[in-house]
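Q: I should like to learn how the packing of helices and the pairing of strands are read from a model. May we begin with a pair of helices?

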Amino acid sequence: MSRYAAALDFGSSKVALAVGEKLPTGIRIVSYHDAESAGIECGEIVNDFKVEETVRALVEQAAAELHEPIESVSIGLSGRALHSKDLPCTINRPNPKAYITEDEVREITRKRYNATLEGDEVVFEAIPQAYSTEDRIGITHDELIGMVGGRIEAGFKLFYGRKSIVDRRITVLDKCGLHLDKAILSPIASARAVLSRPEMENGVALVDIGKGSTEVAIVKDNIVRHVAIIPFGGDSVTADIKNELNITARWAEIIKIEHGRCCEEYAVENKKLVLKNENDIVDGEVELILLARVIEARMSEIFDAVRYVIDQSGYAQKISGGVVITGGCCHLDNIIQLAGALLGQKVRLAAPQGSIDSNSQEAAVVGAASPAVGAECE
């Protein structure tokens, strides 16, 4: 049996494969590879064949690097059609004098995955928020184990979506000869990869800004309390630049990455970029201050939506750890200043450094790798 575990993230900009082993110092990522996505939109597979080709190539790269086959993987789940709801439940115990065991509590959680939902929706994650007995209210999992009582009351947060989101991923894995280990929501995986223990205990909002969407996970007392998907991301910024500045999508993406700022006030006035193609022919000109104005408008919309998610979760006053931003779009200049001003929280940028061993591959220590690395951390 291999000592390694592998995780795949099906992102809208990149598909990433991380292979690691668990050490006392964290996950040591021994192999990390990614490739541009083809056939994935907003976290959902739309062209199975193209995704299969990408996954197969990544698996072959990792297997050659490690000199052993990759036979099973964990996967990340994302997409705009993600929903959540609270689900209370009461369990009457046949023997009130028997100690409550770990297996008993685990079975309570397992049954929540069979909750009845509409249409073809299934539960992706069932996360217990608190437990109560006849004698104690609002206790944690660890406090519950070893107690006695005739009744356990539990409050769960269910995260659910279309069954096809999982099924299409499994289809791709099957065609690549891979077995599914487990599935985890991408925003929860990112949270596990980049958040510190004090942040997860004191309360924090993780904001993962990807290509097709922005994912938010709120963690308090080491429990995921809320997850939401905002249907705007880096692609929306690129599209705005293309349309407002009348340039191609290729140029829009290039200048966003190389010259983009989130705050107009920091842009240099009266300075233009001259866009020249490989034949040294001018494709257009762009004023830096106008570029910043376009980016600030869309990023402000994204952070306004993030603030709404935080406010609606009921945890706006309970996240003393502030907001942590990760993902492929987290390194735009002045993003901390803009996010801090609009969210009213302290803000930091993060990549999966604290959760992985220092001897891991350098390629895995970037914000875009957070979902794949985080799936290893469960």
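A: Two packed helices are described by the angle between their axes and the distance between the axes. In this case, helix α9 (residues 288-313) and α10 pack at about 45°, and their axes are 9 Å apart. That angle makes α9 oblique to α10. The crossing of α9 past α10 is right-handed. Please keep in mind that this is a predicted model.

Q: Which residues in α9 and α10 meet each other?

A: From α9 the contact takes in Glu-296, Met-299, Ser-300, Phe-303, Asp-304, Val-306 and Arg-307, which meet Ile-335, Leu-338, Ala-339, Leu-342 and Leu-343 of α10. By class, the residues of this contact are eight nonpolar, one polar and three charged.

Q: How is the pair α7 and α8 read in these terms, and at what angle do their axes cross?

A: The axes of helix α7 (residues 234-245) and helix α8 (residues 249-259) come within 8 Å and cross at roughly 115°. The crossing of α7 and α8 is right-handed. On the α7 side the contact comprises Gly-234, Val-237, Thr-238, Ile-241, Lys-242 and Leu-245; on the α8 side, Ala-249, Ala-252, Glu-253, Ile-255 and Lys-256. These residues divide into six nonpolar, two polar and three charged.

Q: Let us turn to sheets. In what order do the five strands of the open sheet stand?

A: Strands of a sheet pair through backbone hydrogen bonds, either parallel or antiparallel. Here the five strands follow the order β13-β12-β11-β16-β17, and the pairing is mixed. The edge positions belong to β13 (223-230) and β17 (347-349); each has a single partner strand, so one side of each has no neighbour in the sheet. On average, neighbouring strands of this sheet are turned by 20° against each other, direction ignored.

Q: Where can one see the parallel and the antiparallel sense in this sheet?

A: The parallel case is β16 (residues 323-326) with β17, which pair over three bridges. Within that pair, Ile-325 has Leu-349 of β17 as its bridge partner. The antiparallel case is β12 with β13, joined by seven bridges. There, Thr-214 has Ile-230 of β13 as its bridge partner. The hairpin of β12 and β13 has two residues between the strands, and Asp-221 in this hairpin takes a positive phi near 55°. As for covering, eight of the eight residues of β13 are buried.

Q: Which helices pack on this sheet, and which strands do they touch?

A: Helix α5 (residues 186-194) touches β11 (204-209), β12 (214-220), β13, β16 and β17, and its direction makes about 60° with that of β12. Helix α10 (residues 335-343) also packs on the sheet, touching β11, β16 and β17, with its direction at about 150° to that of β17.

Q: The loop before α10 holds Asn-334. Is Asn-334 buried or exposed?

A: Burial is judged by relative accessible area, with under 20% counting as buried. Asn-334 lies in the loop between β16 and α10. Its relative accessibility is 12%, so Asn-334 counts as buried. Not counting residues up to four places away in sequence, Asn-334 touches Arg-261, Cys-262, Cys-263 and Tyr-266.

Q: How are the strands of the three-stranded open sheet ordered?

A: The order is β7-β9-β8, and the pairing is antiparallel. The edges are held by β7 (82-92) and β8; each has a single partner strand, so one side of each is left without a neighbour in the sheet. Neighbouring strands here are turned by 25° against each other on average, direction ignored. Between β7 and β9 (residues 151-162) the antiparallel pairing runs over 11 bridges, and Ser-84 stands opposite Phe-159 in β9. Helix α4 (residues 163-175) packs on this sheet, touching β8 and β9, and its direction makes about 65° with that of β9.

Q: To finish with one residue of β8, what surrounds Gln-129?

A: Gln-129 is found in strand β8 (residues 121-132). With 16% relative accessibility, Gln-129 counts as buried. Leaving aside neighbours within four places in sequence, Gln-129 is in contact with Gly-155, Phe-156, Lys-157, Ile-223, Val-224 and Arg-225. The C-alpha atoms of Gln-129 and Asp-86 are separated by 9.3 Å, while the two residues are 43 residues apart along the chain.

Methods
Residues numbered from 1 in each chain as written. Predicted model: local features only at pLDDT ≥ 70, side-chain atom pairs only at ≥ 80, totals over all residues. Heavy atoms only, no water. Pairing = 2+ DSSP bridges. Helix = DSSP H or I, 4+ residues; strand = E, 2+ residues; numbered from the N terminus. Axes fitted to C-alpha atoms, helices over the stretch in contact; angles between N-to-C directions. Contact = heavy atoms within 4.5 Å. Parallel < 35°, antiparallel > 145°, perpendicular 65-115°, else oblique. Left-handed = near helix turned anticlockwise from the far one by under 90°. Nonpolar A, V, L, I, M, F, W, Y, C, P; charged D, E, K, R; others polar. Buried < 20%, exposed > 50% of the residue type's maximum accessible area, 1.4 Å probe, protein only.
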